[in-house]
Amino acid sequence: MNKDLDKKVPLLEVRDLETAFKIDGQYHNAVDKVSFTVDRGKIVGVVGESGCGKSVMSLSIMKLLPKGAGEILGGEVIFDGKNIEHLSEKEMNKIRGKDISMIFQEPMTSLNPVFTIGYQIEEVLHNHFNISKQDARNQSIKLLKSVGISRAEQVVNEYPHQLSGGMRQRVMIAMAIACQPKLLIADEPTTALDVTVQAQILDLLKDVQSVNDMAIILITHDLGVVAEICDEVIVMYAGEIVERSDVRSLFKNPKHPYTQQLMNSIPKLDAEEEKLGSIKGIVPSLKEMPRVGCKFANRCPKAMPECTEITPVLAEDEKGHEVSCLLFEASKTEEGTKIT
Amino acid sequence: MLKYTLRRILGMIPMLFLISVVVFTLALAMPGDPFSGEIDPNNTDPEYIEEMREKLGLNDPIHVQYGRWITNFVQGDFGKSTRYKMPVSDLIAERMPNTIFLGVTSLAITYILAFAMGMYAGRRPYTPGDHFIGGFNYFGLAIPSYIAGVFAIYLFSFQLGWIPFQGSVDITLEKGTLDYWISKIHHVITPAIVLGLLSTASYTQFLRNDIIENSRKDFVRTARAKGTPERKIYNVHILRNSVIPLITFLGFDIVTLVNGAIITEAIFTYPGIGQLFLSSVTNQDYPVLMTLTMMFSFLVLLGNLIADILYGVVDPRIRLD
Amino acid sequence: MKNKKSLYWLLAMLLGLSLVVAACGGDEASDTDETDNTTDNTEQNDSTDTNDTSNDSDENQSDSNEPKKGGTMVFGVDSEPEGLFNWAFYGIVTDADIISLFDEGLIEYDENLKPQPNLATWETEDNKTFTFKFKEGVKWHNGDELTVHDWVFALETIAHPDYDGPRYANVQTIEGAEAYRNGEADSISGVEVIDDYTIKITFDKARVNNLTNLWTYPMNRTAFEGIPVAEMSGSDPVRRNPVGLGPYKVENIIPGESVELVPFEDYWNGEPKLDKIIVKVVDRSSVLGALENGEIDFITVHPSMGPQVEKMNNADLVTYPGLAYYYVGFKLGKFDNESLEIVEKYDKYANKNLRKAMYYAIDRETWIDAFFSGYGKPVNRPVPSAHWIAADDSELNTYPYDPEKAKQLLDEAGYVDVNGDGWREDPNGDEFVVKFSHYDVGDPQYEARAKALTQYWNDIGLKTELDMVEVNLYYEMIEKDNPEIEVFYGGWGTGADPDPSALWKSDALWNYTRYDNPESDQLLDDALDIDIVGTSDEKRKDLYVEWQKIVNEDLPMLYITELEETVAVSKRMGGMEFAVSGWNNPVEWYIAE
Amino acid sequence: MEVLTEKNTKQTPSKPPKSMSPWAIARRKFVRNKLAMVSSFFLLTVMIMSFLAPYITTIDITRVNIGQMSLPPSGEHWLGTDKSGRDVFVRLLYGGRVSLTVGIAATALIVVFGTVIGSIAGYFGGVVDSVLMRFTDFILNFPFLVFVIVLNAILFGKLSGVWVLIVVISVLGWGGVARLVRSKILSEKENEYILAAISIGCKPSKVIIKHLLPNVLSTIIVQATILFATMIVAESGLSYLGFGVPTEVPSWGNMLSTSRDPDVMQNMPWTWIPPAVVLTLTILSINFIGEGIKDALNPKSYR
């Protein structure tokens with residue numbers, strides 16, 4: 001394919017992706033014209049509070065939205081030079097698990113409780129390669145070892161309920177990297193785990209990334225995690241990208257008030273007693289989402305009157321650092337409002 | 001597993017004991033004299049009757065009578081039918097194969113239909129196909145089996161002539177030949193469907209709902225993310241999970257079959273245990289009645305046990321020890 | 001059965017039969033309805049002699065076609081057989097019907113219920129000792145030749161202390177049977193074998209009805225060889241491989257659902273014409289459908305189905321006289337089972353005019369039309385018209401429907417409405433409620449017809465309450481004179497022997513009304529007394545007519561109706577004939593098409 | 001669920017709409033469920049007509065009218081008459097009275113008994129629990145129909161027929177409810193607010209009635225609708241077999257049992273099709289109502 005032709009072509013390019021839920025006969029966008037790119041071998045963090053469309057976005061890329069629970073209304077997803085939003089289910093299946101794989105937030109429920117670990121890992125191999133049972137078994141043991149499971153020979157014959165949460169997430173990772181995908185989408189892979197295990201899993205992700213030279217989209221609400229392993233960061237709020245930058249620049253100089261507030265709420269391991277900053281209010285539900293103006297306006301400490309009238313756009317404020325806020329000139333559009 | 005099974009079987013003993021006491025009490029409470037069948041009905045001489053009552057132990061204290069009955073019962077001596085004049089065990093052995101055949105066929109049909117319809121509807125919820133199956137189910141749940149049975153005979157036997165209206169086999173066929181078995185299946189199919197109607201409807205509905213629920217589970221998303229084809233997701237990942245709770249129904253199935261066979265066999269003149277039971281109640285054939293009641297209770301216990309064991313086998317999360 | 005069963009055992013069976021009926025709650029047989037306590041029609045369902053041309057038997061199936069060979073006849077029965085396929089052991093009419101297809105007895109009964117020779121002829125001088133001569137060369141299905149030893153075997157089986165069937169009454173009267181049963185003798189002294197084909201039977205005393213009460217069904221000795229009497233009823237020769245003497249033999253039995261019969265080549269009395277007879281059990285609810293579709297060629301139907309069968313294109317309804325009557329009885333006293341006497345008399349229904357009024361109040365014609373589709377007619381005596389002793393209606397009161405006369409009788413008897421509530425009080429001015437009971441087998445029609453009777457009484461001002469009692473309980477309550485039973489519905493079936501003693505004598509357990517009239521007792525005794533009637537049927541009949549006049553006037557019970565037997569016969573069947581004694585020999589049956 | 005426990009300890013169903021109580025939400029959801037509403041309407045109509053039958057018609061339903069037997073439907077007899085000359089329509093109404101009475105009474109008895117046993121077992125646990133549950137198992141292990149038939153045969157004539165049936169099926173039917181309530185109570189018992197109530201010294205009966213049962217109520221209601229349908233079917237099935245209500249009492253099952261007479265079956269459909277249809281529709285509507293209630297009470301479902 002063209003990957004050899006042009007290294008600079010991004011691995012994944014998302015353009016104006018729009019995913020909506022139908023409530024009472026009306027569409028409400030959960031992902032609202034989101035565009036970004038992911039380069040090969042890079043780790044991109046996507047942060048934001050719960051309910052701001054991160055997961056829906058990642059599922060939209062995979063076309064894994066559950067039936068009746070969301071529709072992709074528009075936009076393009078170009079993976080490896082190929083527009084995958086228009087692929088049939090069958091063609092998509094050839095990509096899922098092989099070129100793009102995904103791990104999920106809940107290791108407890110993401111594994112099928114009635115099949116052995118071995119079966120579930122081998123399945124992904126069988127899905128994409130013509131491989132004998134024995135080879136698949138050996139391969140899965142190898143994979144389990146590679147994700148740091150020492151008793152891999154036993155674990156292949158065990159069932160998910162016999163493993164701890166961290167173990168299961170390792171299994172998920174093993175499954176995800178089984179076909180050496182080019183892109184791994186990790187949807188809050190550590191949220192459900194306890195802190196020490198979180199760190200191990202993050203380390204593991206980093207390891208497998210470097211070994212396989214994968215790109216990773218790491219979805220999280222934890223900026224600490226982002227700081228630790230990501231190359232780039234996308235901050236999402238209410239279905240939109242409000243800020244996007246490389247990790248260094250973002251942490252040094254968070255521009256969007258939302259980002260700034262998120263940063264304040266990072267717990268610090270050495271200062272447990274300290275009161276954490278928090279953002280007032282919650283993400284508005286889809287139905288209550290303002291159609292005009294900045295969606296963060298009502299929670300924004302720096303809100304200005306025009307914030308509820310003019311819809312900001314995501315624009316480059318300084319090189320490699322994009323933001324969508326009226327505090328920054330670039331975000332002000334000529335027409336002033338944007339109708340969604 | 002073995003230990004568990006043994007423990008459960010041991011646990012059944014007190015239960016069976018209690019049931020046997022109840023059965024015995026019920027038999028004593030039934031109108032008429034439970035053992036009068038043993039007494040020569042020609043002889044109305046009161047002296048003779050008294051003598052026979054003494055001989056048969058009917059004048060003993062109740063606990064002694066119970067002790068005698070249960071001792072014989074445990075040793076496999078269920079007494080002699082007062083109506084058929086033959087040992088109850090022989091009588092039951094004569095009818096049992098028919099009922100087992102009916103039950104097994106009914107179960108097979110139930111599960112095949114329930115799986116076919118439940119999987120179809122579960123995969124395509126809220127489509128016309130699903131609604132059609134749903135409608136069928138609601139009627140299956142609502143139509144009492146005797147109405148369905150009588151309708152079936154009139155429609156399929158008398159109007160269309162597709163199925164026989166009575167019996168378990170064409171008597172003229174040589175036992176054991178292919179035709180014989182075909183004839184047996186031909187005779188059993190409609191009663192079996194009628195018998196399984198309620199279960200079919202409820203299992204279909206259950207399976208459909210469970211499949212829909214399971215299809216929203218995280219592990220299904222995982223399987224999709226792995227690139228597993230839709231068909232395999234439904235037929236392997238979801239189904240395997242949805243089947244597990246169905247297994248527990250197997251215990252109920254036995255109860256349903258026992259209860260249902262009574263009505264179905266009567267309507268289809270299918271000579272099995274259910275018909276025997278009904279006639280033993282109406283004819284006050286106490287030895288048969290008591291044995292069958294005990295047997296049914298035992299079957300129910302056994303059904304629950306089998307269901308529990310199967311559950312342990314099928315669901316890796318359950319450990320039986 | 002033909003005959004040999006005395007009324008006694010019929011009555012005895014009644015107890016058993018009531019059980020049968022109960023079964024019908026579930027798988028109701030169409031005609032069990034009536035069979036319940038009328039000891040069922042077993043008596044009738046027997047092959048009559050082949051030579052016995054059915055003069056007055058109702059309809060005649062035989063077309064002008066020549067009897068053809070071949071074909072399979074499907075013989076429907078409407079309740080499940082118990083599988084006791086032997087005359088000595090069977091308990092219900094279904095089994096008897098099936099037995100009569102493959103076995104027959106020494107004598108049989110003609111359309112006047114008079115014994116006729118079949119496998120044997122007899123001679124007697126004094127009605128005490130009978131000499132029977134067997135036909136030679138008659139073969140059992142297993143190839144044995146029939147000899148008198150088979151009969152001796154049957155008699156000794158029934159008289160055996162271990163015998164658990166209901167037929168002992170049919171050998172009880174043979175001299176020495178009692179001793180044999182008590183184990184005091186090795187053989188029955190009244191049974192004397194002269195040679196293989198000749199035997200002499202001596203009874204304990206001379207009676208006019210000794211022959212009709214005698215057991216005349218041989219049993220095959222080889223088949224039962226080595227089987228103790230106690231185990232016979234459950235044994236193979238009874239349940240699985242019965243051996244008979246009839247034109248068809250049992251090929252295969254599927255318990256509870258069907259029996260396959262094939263022709264017996266060595267049958268002594270002609271050549272069976274059918275290739276096969278298949279007996280099928282048909283649930284009552286399927287009877288009409290099965291007939292209409294030609295699935296069955298013959299079945300006994302309940303009278304209420306008669307009109308439907310008559311409408312069918314492929315089956316005919318055949319009716320023939322029955323041997324049962326139905327009545328409404330009054331408990332007039334209490335019976336003591338130990339001393340066998342009536343120990344107490346009740347007053348409530350003692351007034352004859354009250355009973356008469358209740359009789360006149362019933363519109364029997366309409367009632368029979370309504371509930372039995374008209375296949376029956378009112379009777380005025382406790383003897384079915386088909387019996388040769390039946391008194392002619394011209395000699396009896398006929399009690400036609402006459403509510404005005406009923407009211408008048410009540411007024412005269414002092415049952416008048418004194419408190420103006422619309423209901424009559426008794427002569428003392430106390431509340432009077434007729435308590436009417438009817439057995440319940442789960443058939444709604446029973447309740448309706450019972451209810452209809454109470455309405456007739458209500459209409460003449462007698463307050464009547466209906467109580468439907470579960471059938472098993474019902475007969476027990478009646479027999480034990482349970483005070484809950486006051487006025488009750490019932491029916492009796494009679495056998496070939498017309499003697500009503502067991503139902504009417506004041507010392508009889510089954511005299512349910514506890515009717516106590518020395519004159520009646522005397523007449524019944526006289527009719528059996530060989531010294532009085534000798535061998536003259538006429539004399540005997542005269543006595544019975546006298547007796548009928550008495551009970552017709554006394555009305556311890558209201559005789560309601562006698563029903564016709566109704567059977568459905570496929571139009572393709574030929575050679576089937578019916579008379580009061582049952583159907584003709586199956587050897588005559590063929591498929592005409 | 002949390003909302004329910006937190007805000008609504010009093011469980012007054014009529015709360016101001018502003019902070020809608022779960023019951024009000026459920027009611028709104030139920031009212032929006034068309035199928036359930038149509039079913040409710042149907043069931044209500046059937047019930048009202050049945051229970052008001054004596055006021056609708058003054059005909060003596062038990063009277064046998066020999067001149068009017070087996071008449072097809074006409075202006076005078078809307079659904080014709082049966083073989084006893086009784087008006088089918090009138091019998092249908094009275095039959096509904098009996099069948100519904102059996103259904104309602106048996107369901108009520110079963111629910112009450114099952115709930116009492118289940119909550120006691122669940123609340124106290126330990127020995128009480130195991131004794132009661134063994135007993136429940138024991139009852140559950142009777143083949144229902146078998147014992148109903150046998151018990152009915154025994155009690156026949158000793159009690160008025162309809163009540164025999166109600167008592168018998170109730171006595172044998174409560175096991176399932178008891179189990180269900182017990183398991184619900186067991187899980188509900190672990191909630192802090194219950195522990196709190198116990199720790200401040202509430203009497204067990206008060207804890208059960210005031211705190212535990214309201215939270216189990218929705219499950220019981222759903223179960224009760226299923227039971228209601230089951231009991232109606234049980235009545236009709238038993239009556240059909242001849243072990244139900246006495247034949248002189250009209251019930252849907254008894255009316256249907258006349259179809260065992262082939263003449264009635266084939267030639268007088270007007271006598272048995274109406275009860276068959278009404279029975280089926282009644283059960284159907286009860287099922288739909290049950291589904292509706294289940295949906296309405298399920299906080300996860302939204303419409």
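Here is a short walk through one interface and one surface patch of this structure. The model is predicted, with local features requiring pLDDT of at least 70 and side-chain atom pairs pLDDT 80 or more, while totals for chains, interfaces and linings use all residues. Residues are numbered from 1 along each chain as its sequence is written, chains are lettered from A in the order in which they are written, and side-chain values use heavy atoms, without hydrogens and water.

Let us start where chains B and C meet. Here 36 residues of chain B are in contact with 50 residues of chain C, contact being heavy atoms within 4.5 Å. Together the two chains bury about 3600 Å², 52% of it on carbon and sulfur atoms; this is the accessible area (1.4 Å probe) lost on putting the two parts together, summed over both. Two salt bridges cross the interface, each a side-chain nitrogen of Lys or Arg within 4 Å of a carboxyl oxygen of Asp or Glu. If you look at B:E94, you will find a salt bridge to C:R240, with the closest N and O atoms 3.5 Å apart. On chain B, the helices α4 (88-123), α6 (145-159), α9 (230-267) and α10 (273-282) each supply at least two residues of the side touching chain C; helices here are DSSP runs (H or I, at least four residues), numbered from the N terminus.

Now turn to chain D. D:L44, D:I48, D:M49, D:L52, D:Y55 and D:I56 form a nonpolar surface patch with about 610 Å² of accessible area together. Such patches join nonpolar side chains (Val, Leu, Ile, Met, Phe, Trp, Tyr) within 5 Å, from residues with over 30% relative accessible area and no salt bridge; the areas come from the Shrake-Rupley method with a 1.4 Å probe, and for residues only the protein chains shown count as cover. Helix α3 of chain D gives the most to this patch, with three residues, and D:Y55 lies in helix α4 of chain D.

Methods. Patches are made of residues with over 30% relative accessible area and no salt bridge: like charges are joined within 9 Å, nonpolar side chains (Val, Leu, Ile, Met, Phe, Trp, Tyr) within 5 Å.
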